[in-house]
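Let's walk through how two chains meet, starting with one pair of helices and then stepping back.

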Amino acid sequence: MLLTATAISAEAAQAAAAAAPRMDPLHHFQVIKYVEIAPLGLDISVSNSVLWMWISVAAVFAFFRYAMREPALVPGRLQSIAEAGYLFIRGIVDENIGHGGKPYFPMIFSLFFFVLFCNWTGLIPASFTATSQLIVTATLALGIFFLSIFLGFYKHGVKFLGFFVPSGLPVLLLPLMVPIEIISFLARPVSLSVRLFANMTAGHTVLGVLFFFSATLPWVGSWLPFGFSVVFTAVEIFIGFIQAYIFTILTCVYINDSLHLHH
Amino acid sequence: MISSAYAAAEGHAQSSGLPQFESSVFASQMFWTVVSFFVLMYLLNRYVIPAINDILDSRSKKIGEDIQQAEKSRVEAERVLANYRDQVERARQLTATTLDEARIEAAAIREQALAELNEELNKKKASAVEEIERTRIQAMEQVREAAVELAMLATEKLIAKTVTKPKAESMVKEALEHMEKNRIGMH
C-alpha cells in the first residue's frame, strides 16, 4: 500500500516533471546525425553540425561570388564590402607574417570567413553553431598546429628546434625555460580551439537561458530576459567577429613564428 | 518501477553533460570540417580571390595611369603657359620697339618739317624785305620826282620864269637833304 503510493507519487512527479518545461540550455549543442554514412568504417555521417558547416561555406562563397559578379573599377556596395574583407585579411597577413606571407593568404582568408560565417549562421534561430563543437575548432587548430610544425622544419630543418631555446638566456636557466617553451608551444592548439569553442558555447548557453525565460515566464516577467536576449544577440554577432579575428591573427602569428625564426 | 525511474534519472544525468564531449560524433565532424574548409578554400582561391585581385590591381593601375596622365597634362599646360608668356613678352617688346621707332621717326619728320618751314619762312621774309626795300626805293624815287615836278611847277608859277632844270634839281636835292636830315634827327 505504502509502496504503491510512493510508486504512484514518484510516477506522478516524473510525469509532472516531463510535462513542465525543463530548462536545458545545452540541448542545442546536441549533434544529431541526419544520415549515417560509414564507408570502410570511416564515419562521415551528415549531422546538423555538418549541415550548417556546409551552409556557412555556401554562404561565404555565394556572398563573394555575388558581390564580385561584375567587378567594377568604381565598386558598388557589396563589392566594397567584399574588397574590404579581402583588404582586412591582407592587412592581418601583411602585419603578422609580412615577408613571405603571400602564399598563405588564400588559406587565412578562407579560415577567417569559414569561422566567421560558422559563428554567425549559428545565431539564426533553430540553426546549429558548428564552431561551438570542440572537435570542429580542434580540427582547425590542429591543422594549423601541424602546418606550423611542418613549415618550421621545411624552412629551417633541424634549426627549427632552436625555436624552443630563447636567445640571450643564461645557460643555467635553459633546463627551466626549454620545457616551458615546449609546453607553451604544445598549448597553442589547445588554447586556439578551446577559446573559440568556449566563447561560442558560453554565448549560446546564455542565449538559451534567456530564451527559455522569455518563453516560459509570465508576460510581466518575460520582457526582461527577452530584451536581454535581443541585446545579447547583438553582442554575440560582435563576439562571433572578434573570435574569428583572434583565431585568424593567432594563425598568422604561428605561421610567422615558423617562417621567421627570430625569437 | 523505482529502478526504471532511477534509470531515467541516470539517463538524464548522462545527457546533461556537455554534448560537445560526446565522442561518437567526432569522426564525422572532423572529416567534414576538413572537407568543408578545403572546398571553401578551393572555391575562394579559384573564383573569388583572383577576381578581387584583378579588380584591385586594375584599379591601382588606373589610378597610377590617371596620376601620370594628370602629371603629363600639368607639364603640357605649364609648357603652353610658358610659351604664351614668351609670346606676350615678345609682342610687348615688339610694340615697345615699334613705338620707339615711330617716336624717333616722328621726331625726325617734325624736325625736318620745322627746318623746311623755317627755311621757307626765312626765304619769304628775305624776299618780302627785298620787296619792301625795292618798293621803298621806288616810292622814294617817285616821291622825289613828284616833288621835283611840283617844285618846278611851283617855282614857275611863283616867279613866272622858268628855272633851269639843273638849278631846280640842285635846289630840290638840297631841300630833300634837309628833309632827310630832319627825318634822321627825328629818329
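In this predicted model, start with how α5(A) and α2(B) lie against each other. Helix α5 of chain A covers residues 134-156, and where this helix packs on α2(B) the angle is about 45 degrees, with the two axes 9 Å apart. An angle counts as roughly parallel under 35 degrees and roughly perpendicular from 65 to 115, so α5(A) and α2(B) come out as oblique to each other. As for handedness, α5(A) and α2(B) make a right-handed crossing.

Which residues do the meeting here? On the α5(A) side, look for Ile135(A), Val136(A), Thr139(A) and Leu140(A). Their counterparts in α2(B) are Phe26(B), Gln29(B), Met30(B), Thr33(B) and Val34(B). Sort this helix-helix contact by class and you get six nonpolar residues, three polar ones and no charged residues.

Now zoom out to the whole contact between the chains. Chain A puts in 41 residues and chain B puts in 36. On the chain B side, two helices each give at least two residues: α1, spanning 2-15, and α2, spanning 26-159. The largest share of that side belongs to α2(B), with 28 residues. By class, the side of chain B that touches chain A has 25 nonpolar residues, along with seven polar and four charged ones.

Finally, what does chain B look like on its own? Chain B has three helices and zero strands, and reading along the sequence gives the pattern α-α-α. Of the 187 residues in chain B, 9% are buried.

Notes
Residues are numbered from 1 along each chain as its sequence is written. Chains are lettered from A and ligands numbered from 1 in the order in which they are written. This is a predicted model: local features need pLDDT of at least 70, side-chain atom pairs count only at pLDDT 80 or more; totals for chains, interfaces and linings use all residues. Two residues are in contact if their C-beta atoms, placed from the backbone, lie within 7 Å. Helices (H or I, at least four residues) and strands (E, at least two) are DSSP runs, numbered from the N terminus. Ala, Val, Leu, Ile, Met, Phe, Trp, Tyr, Cys and Pro count as nonpolar, Asp, Glu, Lys and Arg as charged, and the others, Gly among them, as polar. Axes are lines fitted to C-alpha atoms, for helices over the stretch in contact, and angles run from 0 to 180 degrees between N-to-C directions. Angles under 35 degrees count as roughly parallel, over 145 as roughly antiparallel, 65 to 115 as roughly perpendicular and the rest as oblique. A crossing is left-handed if the near helix is turned anticlockwise from the far one by less than a right angle, and right-handed if clockwise. A residue is buried if 20 or more other C-beta atoms lie within 10 Å of its own, exposed if 12 or fewer, and partly exposed in between; C-beta atoms are placed from the backbone.
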